Amino acid sequence: MDFDRRTLIAGSLAAAGLAARAPSPANAQTPPPAASKALPPGLPQPTETIDLWPKGVPARLKASLTETVDERSTDALVTDRAVYGITRPRMAVFRPDRPNGAAVMITPGGGYRWIVVDKEGYEIARWLTARGFTAFVLFYRLPGEGWSSGPDTSLADAQRAMRLIRHRAKDFAIDPERVAAMGFSAGGHLCADLGARFAAKVYEPVDAADALSAKPFCAAPIYPVVSMEPAIAHAGSRNLLLGPSPTAELEAAHSPDRVVPADAPPHFLVHAEDDDVVPAENSVRLRAALKARKVPVEAHFFANGGHGFGLRRAIGKPVEIWPEMWRAWARTVGFG
């Protein structure tokens with residue numbers, strides 16, 4: 001049964017070890033917070049948290065970070081949290097009551113400034129689990145926060161997450177081959193980057209999980225940042241990913257439309273043509289690149305919707321049908 005609007009957009013991050021709180025002093029080092037504001041009971045919550053790098057991340061920091069959660073909502077029944085300063089990358093796991101054997105790794109957006117884990121993470125996860133999918137919301141490190149791995153920081157976490165999901169497939173009653181990726185905005189860039197560079201060596205293997213493929217079964221970048229070319233790039237994402245003065249070579253290397261391989265997974269794209277934050281041309285270019293490489297792709301462009309509609313801001317607009325369109329498309333490629 002579908003959730004009503006208030007149920008859909010309410011939720012807690014407690015099971016992922018997060019809470020809304022004031023920013024901590026710079027350079028402080030603390031464990032992730034562990035409580036959350038009180039919310040109505042009964043919503044599906046994460047069943048566990050999976051650390052990506054139990055022995056430590058494969059990169060160095062210029063200065064220590066404090067994980068911080070900014071609660072941006074003033075409605076007691078609506079959470080809208082932005083998380084940054086992540087040094088313990090992890091996945092929050094949502095299990096369905098009746099698993100259908102397929103899983104989706106979700107990469108929320110936030111312009112690579114932070115991760116919007118409610119609107120483009122937990123809410124999507126609940127929608128998916130209500131339909132039998134096991135969902136994994138990825139809390140990835142942000143490339144602009146001083147990691148030695150630079151522009152590949154988030155991709156390293158996404159690759160590792162895909163491999164860990166497959167490594168633990170039996171624990172979740174899923175087929176290790178049927179693991180999809182879905183991302184939004186800058187998280188859509190990460191999703192598209194994973195779809196293009198799943199085989200790129202961006203970290204040294206640390207255990208048996210890293211022998212597995214990081215290639216998604218299929219990928220769904222939703223209103224994604226794609227191109228790093230200044231004319232159509234999201235300026236904030238570009239700056240945090242590549243720095244203020246990247247070379248043309250660096251721009252090309254981190255524009256998924258420029259590096260699509262012939263064996264990329266099938267893609268599903270959604271964008272609103274009135275998006276005034278990330279131009280729809282980003283999805284147009286990615287579609288063209290996929291078509292040129294003969295990679296299956298389905299793309300939907302809506303006249304209205306703006307940016308960041310997710311589920312909650314799509315309600316009452318034609319664009320609100322996008323999740324069911326994705327689900328129908330997923331069946332056509334053997335997923336779901």
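Is S185 buried or exposed? In this predicted model, S185 is buried, with a relative accessible area of 8%, and the residue is found in the loop between β8 (179-184) and α4. Its phi is near 55°, a positive value in a residue other than glycine. A second case is provided by Y112, which has a positive phi of about 60° although it is not a glycine; Y112 lies in the loop between β5 (103-107) and β6 and is likewise buried, with a relative accessible area of 2%. These values stand out against the general background, since most residues other than glycine have a negative phi.

The strand β6, which follows the loop that holds Y112, belongs to an open sheet of 3 strands with the order β2-β3-β6 and antiparallel pairing. The edges of this sheet are formed by β2 (68-71) and β6 (115-116), each of which pairs on one side only. Between β2 and β3 (residues 81-84), which run antiparallel, there are 4 bridges, and within this pair of strands V69 of the chain stands opposite V83 in β3.

Nonpolar packing was examined next. The largest nonpolar core comprises 82 residues, of which I222, W322 and W326 touch the most other members, and the element that gives the most to this core is helix α3 (residues 153-167), with 7 residues. The surroundings of W322 can be described in detail: when residues up to four places away in sequence are not counted, W322 touches I124, M182, F184, I222, F268, V270, F309, G310 and L311. Apart from the largest core lies another, of 10 residues, among them A264, A289, L290 and V295.

Helix α5 (residues 235-242) contributes the buried residues S237, R238, L241 and L242. These residues cover an arc of only 100° around the axis, and therefore lie on the same side of α5. Such an arrangement can be read against the geometry of the α-helix, which has 3.6 residues a turn, so that residues three or four places apart point the same way. The partners of the buried residues of α5 are α4 (186-197) and α6 (248-253), against which they pack. Just after α5, G243 takes a positive phi of about 90°.

On the other side of α5 in sequence, H234 has its place in the loop between β9 (219-222) and α5. Although H234 and V277 are 43 residues apart in sequence, their C-alpha atoms are 6.8 Å apart in space. With neighbours within four places in sequence left aside, H234 is in contact with G111, V225, V277 and V278.

Finally, the cysteines were considered. A search of the whole structure finds 0 disulfides. For C191, the closest cysteine sulfur is that of C218, and because the two sulfurs are 9.0 Å apart they are too far from each other for a bond, a disulfide being a pair of cysteine sulfur atoms within 2.5 Å. Seen from its partner, C218 is in no disulfide, the nearest cysteine sulfur being that of C191. Both residues are nonetheless shielded in the model, C191 being buried with a relative accessible area of 1% and C218 being buried with a relative accessible area of 1%.

Note on methods: Residues are numbered from 1 along each chain as its sequence is written. This is a predicted model: local features need pLDDT of at least 70, side-chain atom pairs count only at pLDDT 80 or more; totals for chains, interfaces and linings use all residues. Side-chain values use heavy atoms; hydrogens and water are left out. Two strands pair if DSSP finds at least two bridges between them. Helices (H or I, at least four residues) and strands (E, at least two) are DSSP runs, numbered from the N terminus. Buried means under 20% relative accessible area, exposed over 50%, partly exposed in between (1.4 Å probe, protein chains only). The arc is that of the directions from the helix axis to the C-beta atoms. Contact means heavy atoms within 4.5 Å. A nonpolar core is a set of buried Ala, Val, Leu, Ile, Met, Phe, Trp, Tyr and Cys residues joined through side-chain atoms within 4.5 Å.
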